[in-house]
Each structure stands twice: as structure tokens, then as C-alpha cells.
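Colleague: Could you walk me through this one before I go back to the bench?
Modeller: Happy to; here it is.

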There are 2 protein chains.
Amino acid sequence: MNVREKPPMFELSAWSALQLATVERALTRWIACPDFAPAPADLGEAMRYAVLDGGKRVRPLLVMAACEAVNGNAHAALRSACAVELIHAYSLVHDDLPCMDNDVLRRGKPTVHVKFGQAQALLAGDALQALAFELLTPDDESVDAATQARLCRMLARAAGFQGMAGGQAIDLASVGRPLTSVQLHEMHRLKTGALLQVSVMMGAACGSSSPAERDALRDYGAAVGLAFQVMDDVLDVTGDSATLGKTAGKDAAHDKPTFVSLLGLQASVEYAQQLRVRALASLNSSRLENTHALHALADMLVNRAH
Amino acid sequence: MNVREKPPMFELSAWSALQLATVERALTRWIACPDFAPAPADLGEAMRYAVLDGGKRVRPLLVMAACEAVNGNAHAALRSACAVELIHAYSLVHDDLPCMDNDVLRRGKPTVHVKFGQAQALLAGDALQALAFELLTPDDESVDAATQARLCRMLARAAGFQGMAGGQAIDLASVGRPLTSVQLHEMHRLKTGALLQVSVMMGAACGSSSPAERDALRDYGAAVGLAFQVMDDVLDVTGDSATLGKTAGKDAAHDKPTFVSLLGLQASVEYAQQLRVRALASLNSSRLENTHALHALADMLVNRAH
């Protein structure tokens, strides 16, 4: 007689595959789709090149996982997931421009300005940001107006001068200058943390949750967002360009302060693990039940190889 | 005995001065104000430089005038006026970058990238776009959620690939190529027309109006938006840089198709006047009563010297 093991409760790979199929379909349809809403000249092509067929889609997965945890409106979450990814994608397009990081490789492909020219890349990034807010405000009954307004408010703040753009400004100002641990944390809290955290909070905003649950998700998002950046710094040192799909070692080449340059490699890896534990503790402290995906994502983000 | 003339019903200059004082105060307070919401590094300074202390504020005036015509929520209109102006300002900052028009003079001052560097100018533009949507979604009771969502939807669409950014892409693709009248109209309908028209429609969305009234305002906005661009092309030829506050003659220098290159100077001036008449006829066909400011703005935009 066979003794069969109890199947695992939650398989991240299967869950992610399902979510990502939905997200990719939606992005393909919603980004200047030639069949539905074509863009003039090469603009649509540049926008689609910047977003489709690439990327880990960490932010969309966080949105969908948080929406599941609060049993929220899945359609609102799908729109939020795509909107957050558009903001992320536009920031990469602009970041890669010669006047910023001047990078030529992204997601294993030539960067947008290498392929379409700088002016088109600039416009494509601008148009992607606008499209993010368009996706959040469908002119139908699928997402109630209060949720639409709340999602726009959250995303605008996380993307703007008190979020991602603000973090990039600190980054610009800090090249070649030693940062203290406090300054480095502040830069990353804004530059990458704000958008990762708001992914969690937008997912949560697609349903209802208690203030205590929102606090727990906010802490989870902060810890996961920081852990993600710490691992990014680690992988920039230990990874190679082929695995990362982007130029490795560029932090050191640009003389940028990183967690590795501040703490050293081993301590950075340990720090990421501590942040993972902190993220899971936040989830466990809440009464939220369906947090399997959020748990598994925290594990995956810290143990990833790219 | 003195015969006193009846005072004029409506004085645009007095009305504008009042509106602009309110708009400038709001912009000063809302754009990364150091006292309320400072931005990191030089970002806030660059954002404020891009917007404050300059500009004709045509779009904010159209918002406020349309809101008056429907007797709408003045606070929602003020936020809309500022949001539209931020989108306009960010587009100028990005347009002036070396990879686009490479312009050094704007509103009589060095352009943002000349003063703050290209990277900071890029970020400031990005942050201004995000801030526009933040302004439209205040976290209080001042603007109801349905209006917030509607305003975001309208602005996102007008700014994005089916609006301003799309028009700029056509512009990019058309340098040095002759455009037909249809193509030139399409470019300007998107590039400048969409944001001018949505200014009118967002003002209207701050109150209630009948479908027929909205149609009339939409036609007014389309005509005024086009007239504005025709006059821009005229002034680029007839004006001087000091009066315009920006580099004159740059369309011809960049070999850009314009209404003047297509129709000639005199016919362009006449075309602008026809569009003014069309805009006023749209207003007059509606049952809207308080359209003094919209009337006067149409006159002003066509008869301006800068």
C-alpha cells in the first residue's frame, strides 16, 4: 500500500503562472494594442517593447497576492497590477537613458532608447505613466469610483516626489558620495520600496481590511521592499549579466552606494533574511487568513537568483 | 450732468487676475512646498522652477471658466487647473531636453535642464506628472470620489498616447517631412489640442451639465485648442524671443511643418479667426448662461501677442 504524502498547501510556481498569464494578457490588450487603441507613429511599439515579454512582474504578483489576502475585487487588482508594472517599466526606460544610467541592456534585450531612439524612449515612458492612471479609472462599473480614486491617490504618491522619483533624485545626488546607513535606507525606501509597498497596499485596497490588517500589510510591504533592494545589490555583485538580464556590476562601476558596499556581502545576505523573517512575522501577527501567496513571495524574493 | 456709460459686463483682465492669484497660491503650496511636503535633493527646486513664476496659464483659466459655466465645485476646479498645468509644464521640461527640441530658453529663463542638469529635468518632469494625479485625488471630503475618478480618467487619456504624448510622437516622426492638412490637424489635435480641450471638459466635470451642454463645450474646446496652435505657429514667425519668452523662429529652424508653412501667414491668421467664431457659436448654441469668461478667453487666445 502506498503512503501518499499530503500535497503541499500552496505552490508558488503554479499560482504565479496563473496570475502572470492573466497579467500578460491584460498588458498585451491594454498597452496601445493595435487592434483596440493604436498609438501614432512608433510610440505604441516602443511602449509595448518596454513592458511586454520580460520582467519578473514582482509588483503585479504582490498586488494579486494582497488582493487574495483580503478577498478583494480581482478585476480591480488586475488593473492595479498592470498600472504598477507600467510605472515600474517607465522608470526603467527613463533610468536607462544616456543622461541617467546610460544602459544598453535590459531584460536581456537592447534598452528602449537603443532600439527606438532617445526621444521616442522619453515619450514612451511619459505615455506609460499616463496609461497607468488610465488603467485605474475604467469608465464602466467594474471598479467603484471610491476604489478608483483611492488607487490613483496611492499610486501617484508612490510614484512621485515623495516616492520613486524622490528616491531617484537622492540616488542622483549620492553618486560617488558615501552614504550613511540611514541615508541609504531612506533612498531605497523611496526609490524601490515605495512602489513595492504600494503594490501590496493597492492589492489590499481592492477589498476591505481592518486598520490592524492594513498596518500588518504595510509592515510586510516595507520589509519585502527593502529585502528586494538588498538582494538586488547582492545580485549585482554575485550575478552575471546573462542571468540578470541586465548589466551586472554596474553599481560598482558607477560608484553607487549599495548595501554591499556599506555592510559587505555576507552581512547583506543575512540582512535580507532578517527582513524576510520580519515580513512573515507581520503577516502572522495579522488575522488575515489567505496569505499563502504573500508568504511564498517573501521567501522567493530573498532566495532568488535574478 | 455726466452721461455715464454702462460698465462692461465682463472684464477678462480682472477675472483672470483673480483666478490666477488663486491658482498661483495653490501651485506654490502644492508643488513640493518645503514647508509642507519637501522633496529630496534638488528635485523639489527643479519642479518648482519648471512651474512657478511663469507661463500664461491658459489651461487653468479654461478650467476655471468652464467650471463657472456649469456652476461647479470651485475647489475641484482649482485642483484640476493645477493638475492640467503640471502636465503642461512637465511636457515642456521634457520637450526642451537635448534629445527632443534641445531648447535653452523658456518663459524668458534658462530651461530646466540648463539650470539643473538633464537627469534632474527628466525626474522633475516625471514627478510633475505623478503630482498632477495626486492633486486630483485629495484624501478628504473636498471632492467626491466619482468626480476624482472622472477627472483622473480624463486627464490620463488627454496626456497619454491617445492625446498629448501621441501628438508628440507624430511631431517627432514628421520633422523634415511635408504633412497634409489632415495630418497636421491630427498632430495638433493630439499634441496641444487634447490638453486644452480637456481643460474645458474637466472644468465642466466639476459640476453637472446636460449631454448637449457637454457637446457644446467639447466643440468649443476643440476649436479653441486648434486656434491656439494656429496662433502659436503664427507668433513663432511674427514674434521675437523677448516677447514670446521662448526661442522664436524655431519651427522653421527645425524644419517642422506648421500652419504657416502649410497655409501661409495671412490665411493662418484668418483661420484662427474662423476658429474663434466657431468656438463662440458652440457656446451660443448651448443653454449655458455664465459663459462670459469662456467667450473672452476665446477672443484673447486668438488676438494675443505672445
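What follows is a short talk about the chains, their contact and a few residues.

Modeller: Please keep in mind that this is a predicted model, in which local features need pLDDT of at least 70, side-chain atom pairs count only at pLDDT 80 or more, and totals for chains, interfaces and linings use all residues. Residues are numbered from 1 along each chain as its sequence is written, while chains are lettered from A and ligands numbered from 1 in the order in which they are written.

Colleague: How many helices and strands does chain A have?
Modeller: Chain A has 15 helices and two strands, where helices (H or I, at least four residues) and strands (E, at least two) are DSSP runs numbered from the N terminus. Along its principal axes, the C-alpha trace of chain A spans about 60 × 50 × 45 Å.

Colleague: And how many residues does each chain bring to the contact?
Modeller: Chain A and chain B each give 46 residues, with two residues taken to be in contact if their C-beta atoms, placed from the backbone, lie within 7 Å.

Colleague: Which element of chain A gives the largest share of that side?
Modeller: That is H6(A), with 12 residues; the elements that give two or more residues there are helices H2 (43–51), H6 (118–135), H7 (145–159) and H8 (164–174) of chain A.

Colleague: How are the two copies related?
Modeller: A turn of 180° with a shift of 0.0 Å along the axis lays chain A on chain B with an RMSD of 0.0 Å, superposed by least squares on the C-alpha atoms of residues with pLDDT of at least 70 in both. The copies are thus related as by a two-fold rotation axis, and of the residues of chain A, A:Ala149 comes closest to that axis, at 2.5 Å (C-alpha).

Colleague: Changing topic, is A:Met187 buried or exposed?
Modeller: A:Met187 counts as buried because it has 25 C-beta neighbours inside 10 Å; a residue is buried with 20 or more other C-beta atoms within 10 Å of its own, exposed with 12 or fewer, and partly exposed in between, with C-beta atoms placed from the backbone.

Colleague: Where is A:Met187 found, and what is it in contact with?
Modeller: A:Met187 is found in helix H9 (residues 181–205) of chain A. Leaving aside neighbours within four places in sequence, A:Met187 is in contact with A:Gly167, A:Ile170, A:Asp171, A:Ser174 and A:Leu179.
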